[in-house]
Amino acid sequence: MKIHMDGFHIPGFQGETYIRTIGSTQLLLPRLTADDITRATDHLLGKGREILKSYSTDDLAEIFGMAADFWQHKSGIKAEVITAISDLTGLSRLVICESISVEQGNSSTRDILAAMDRDLGSHQCLDTFCHDPHLNGKARAYGPRLTSAVLTANVPGLSYLPMVRALMVKSPLIAKLASNEPIFGPAWIKSVAAIEPPLAECIALCHWTGGNDTLQKAMFEPAEVVILYGGEQTCKKLRNVIGPHKKIIEHGHKIGLLLIGQEGLSNAGAAQDLATRIALDVAMFDQRACVAPQIVYVEKNGSISTLELTALIEDALINLEEDLPPSLMSVDTGASLAMERNVAFFEAAQHEGMELFARSTATLIHEKDADFNTVLPTRFLRVCPVDSLDDVMDILRPFKPYLQNVGIEVDPDRLADLAEQLGAMGVSRITRPGLMHRPSMRWKHDGLSTFSELVRWTDIELEV
Amino acid sequence: MSATTAKKKLIDHISLFIKDASSGDFNSLACQLFGYQFDHIPFLRPYFEKYRVSPAKLKSFSDIPPIGLNIFKRYELFDGSNCKKTFRTSGTSGKGRGTSSFAEEDLALMTLSILENARTTLFSDQQKTRFMMLVPPPSEAPDIIMAHGMTEIAGKWATEPPFYAIGNGAFLDKEPVAYLQKCIVDKAPVTIIGGSFGFVNFIDKVAPQLGTLPLPPGSRILDAGGFKGKSKELTRKGFLELMADFFHLAPEHCFNLYGLTELGSQFYSRGHEEKKPPHWTRVRICHPMTLQEVKDGAEGIALLYDLTNVARPMAILTDDLGRRHGNGFEITGRASGSAPRGCSLSLEDIR
């Protein structure tokens with residue numbers, strides 16, 4: 001049975017469209033011109049802004065909370081969206097389903113408002129002037145007249161996040177969808193429109209393949225703030241198109257790590273439980289998310305050896321293949337992984353202490369010495385034994401701008417000191433293994449107060 | 001038996017086998033060669049032992065654990081004979097350059113393979129021709145194996161010293177066209193040899209003035225390398241059409257060569273046909289995860305086995321993708337070295 005999906009959402013769009021067929025999915029896509037983009041931004045700046053002004057932040061959070069609730073339950077629409085994303089990205093349906101559930105599970109009304117209150121003091125400052133306890137007066141925040149964004153691919157369900165953030169600060173949003181996953185964004189705004197139809201007028205989600213400076217310029221030019229997701233090179237190119245005088249909120253590619261103290265390996269049961277949690281963090285988004293770990297630094301001298309832990313993680317990854325099946329591997333990816341495994345096996349034959357664990361789709365390299373090397377995101381971990389977790393800091397230092405999530409398994413009395421060092425290094429979230437894959441909406445994403453970054457303020461100071 | 005004696009004996013057998021397929025058996029020679037490499041090429045023994053493969057246990061060449069190309073970038077894999085020549089990879093396949101070392105006797109074996117291969121494919125009509133090279137002369141590219149091999153071929157099949165159209169890293173200005181025009185006037189067939197992209201570059205450069213340059217009967221071209229990573233990509237069909245349009249060469253006079261610096265032998269295809277491994281080599285197109293052969297027509301990763309690699313590993317895991325078609329194969333691309341990646345960092349992105 002064919003599934004028909006929209007790969008864009010542009011209010012009032014009358015232009016040309018075409019169908020792209022991938023597997024069982026027929027994807028409707030637009031052929032956009034710069035004029036189409038300009039018509040869309042004019043619409044958002046006019047009608048979109050007016051509509052958003054008519055809602056309170058409490059109303060909006062309630063609507064988005066209801067949408068989050070919808071996506072956590074089974075439905076025909078959700079099943080079709082999952083199948084279509086699977087067709088386009090190769091990710092397994094169960095991984096996509098779980099990813100959407102995890103993402104949306106962190107986005108309840110309460111989560112959204114709490115995240116805003118963390119950033120802004122009070123979310124109601126976007127509705128009216130509010131008393132500010134730190135100011136002898138009142139303060140009010142205003143979102144951008146228009147926000148534009150370039151969205152990420154491969155992490156299913158993530159495209160809703162900048163939409164929620166922009167709309168919550170009452171800023172209409174125009175975004176370019178990831179060319180290989182333009183499904184979830186339009187489906188999410190449809191789910192919102194099913195609850196509150198006017199909000200469909202406040203978002204435009206565009207699709208084109210590759211870089212197109214003309215369309216990008218038309219999208220960026222009328223926006224006050226631009227949100228970028230992408231790798232170092234992509235963001236660099238986009239910054240050049242955006243120009244120097246516009247605020248850019250950038251979420252570049254990042255790396256997740258694990259730090260395991262010897263106390264985490266005090267007995268077989270603890271090690272088994274730890275391995276299961278680590279495997280879940282790896283498998284959840286099929287390791288394509290920045291929150292997924294790529295390197296595990298483990299202290300030697302635990303009751304369970306670092307080699308034994310590596311074998312346990314391998315087992316746990318294999319055990320997860322049923323509940324979270326791996327993506328279909330292309331010949332290209334498979335060949336690239338085969339080369340990685342081949343080198344690792346050869347090196348392991350030459351060096352005592354190095355070992356390759358490669359079974360089914362799990363790949364783990366137990367390194368001889370601790371180092372910093374990323375992996376092919378194919379359920380692949382490097383396990384680096386260290387004498388002390390303190391030794392890891394020097395290894396991480398050259399990569400400060402890229403550190404993000406760190407899962408730590410140590411006794412509570414060691415956490416503060418390690419957190420202090422990691423925080424100074426630029427790590428933006430520290431959590432336990434097994435929770436890396438579910439950052440809450442309240443987390444200061446990449447160390448940024450994402451709502452604060454979007455708004456500007458007006459203070460009323462009648463007394464000084 | 002000393003290493004030198006063992007090597008000489010092996011090379012003698014393999015040389016005879018190259019000249020006369022009925023003199024031996026590929027699998028038996030491959031197993032003997034494995035035994036030599038197990039003992040004499042540094043770093044290989046622990047690797048083979050880790051795979052639990054030993055000369056005593058080996059029954060089939062296909063059980064020899066292959067050496068991936070990336071390993072050549074990290075290790076000097078050579079049997080320690082007196083090194084006469086070291087070739088280097090171009091570095092187009094991932095980071096770093098691999099090396100491939102040859103002793104005098106290895107070079108002689110490679111030359112035999114090159115000439116025998118050319119005799120049965122590129123010059124199966126036994127016609128000698130003039131040569132124009134779209135590759136730099138060996139003096140300018142002493143460590144490029146293709147430049148070496150092409151010089152060997154020209155030495156055997158050229159009617160006069162080859163003309164090199166490239167000097168100091170760039171096409172010469174007017175001389176290449178003048179050389180080909182003289183071939184036309186003299187009705188002297190010419191063989192043009194170069195990188196696939198070099199042909200396209202050359203034609204792009206001269207076609208606006210010339211229109212076409214119909215080569216004399218008996219002429220042929222040999223291209224190698226393909227278009228991966230180049231600014232302009234052509235399919236094989238498109239490339240052959242370009243040769244027909246510009247040089248008036250029918251597909252059967254256009255040959256493509258697939259070779260690696262790490263390998264002493266090469267694989268030719270003619271026109272639209274698939275590549276045929278010479279009888280002293282084997283090509284297995286395998287599933288990348290299991291390294292078991294895929295079905296005919298299915299895409300996989302290419303594993304190459306070459307008896308002329310005596311001093312260097314004979315079983316190579318390439319990063320080339322291909323399909324098997326009966327006794328032949330085609331190369332369809334090269335592994336990107338990457339995997340779909342969301343917002344998860346790759347060091348390649350920031351280096």
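This note comments on the interface between chain A and chain B, and then on one lysine of chain B, in a predicted model.

1. Extent of the interface. On the chain A side 45 residues are in contact with chain B, which contributes 40 residues of its own. The two chains bury about 3700 Å² between them, and 64% of that area lies on carbon and sulfur atoms. Within chain A, the residues that lose the most area to chain B are A:Met339, A:Phe345 and A:Phe346, which together account for 19% of what that side buries.

2. Polar and charged pairing. Between chain A and chain B the count of salt bridges is two, and one of the salt bridges joins the side chains of A:Glu355 and B:Lys50, with an N to O distance of 2.6 Å. Across the same interface, 10 residue pairs are in polar contact, with both residues at pLDDT 80 or more.

3. What chain A supplies. Helix H9 (232-242) and helix H12 (331-350) of chain A each provide at least two residues of the side that touches chain B, and H12(A) gives the largest share, 18 residues. By residue class, this side of chain A divides into 22 nonpolar, 16 polar and seven charged residues.

4. Surroundings of B:Lys276. This lysine, B:Lys276, sits in the loop between strand E11 (267-270) and strand E12 (281-286) of chain B. Leaving aside residues up to four places away in sequence, B:Lys276 touches B:Tyr268, B:Asn327 and B:Gly328. The C-alpha atoms of B:Lys276 and B:Arg323 are separated by 12 Å, the two residues being 47 residues apart along the chain.

5. Exposure of B:Lys276. Is B:Lys276 buried, partly exposed or exposed? With a relative accessible area of 43%, B:Lys276 is partly exposed, because that class lies between the 20% limit for buried and the 50% limit for exposed.

Terms used. Residues numbered from 1 in each chain as written. Chains lettered and ligands numbered in written order. Predicted model: local features only at pLDDT ≥ 70, side-chain atom pairs only at ≥ 80, totals over all residues. Heavy atoms only, no water. Contact = heavy atoms within 4.5 Å. Buried area = accessible area lost by both parts, 1.4 Å probe. Salt bridge = Lys/Arg side-chain N within 4 Å of Asp/Glu carboxyl O. Polar contact = N/O pair within 3.5 Å; in protein donor to acceptor, adjacent residues only side chain to side chain. Helix = DSSP H or I, 4+ residues; strand = E, 2+ residues; numbered from the N terminus. Nonpolar A, V, L, I, M, F, W, Y, C, P; charged D, E, K, R; others polar. Buried < 20%, exposed > 50% of the residue type's maximum accessible area, 1.4 Å probe, protein only.
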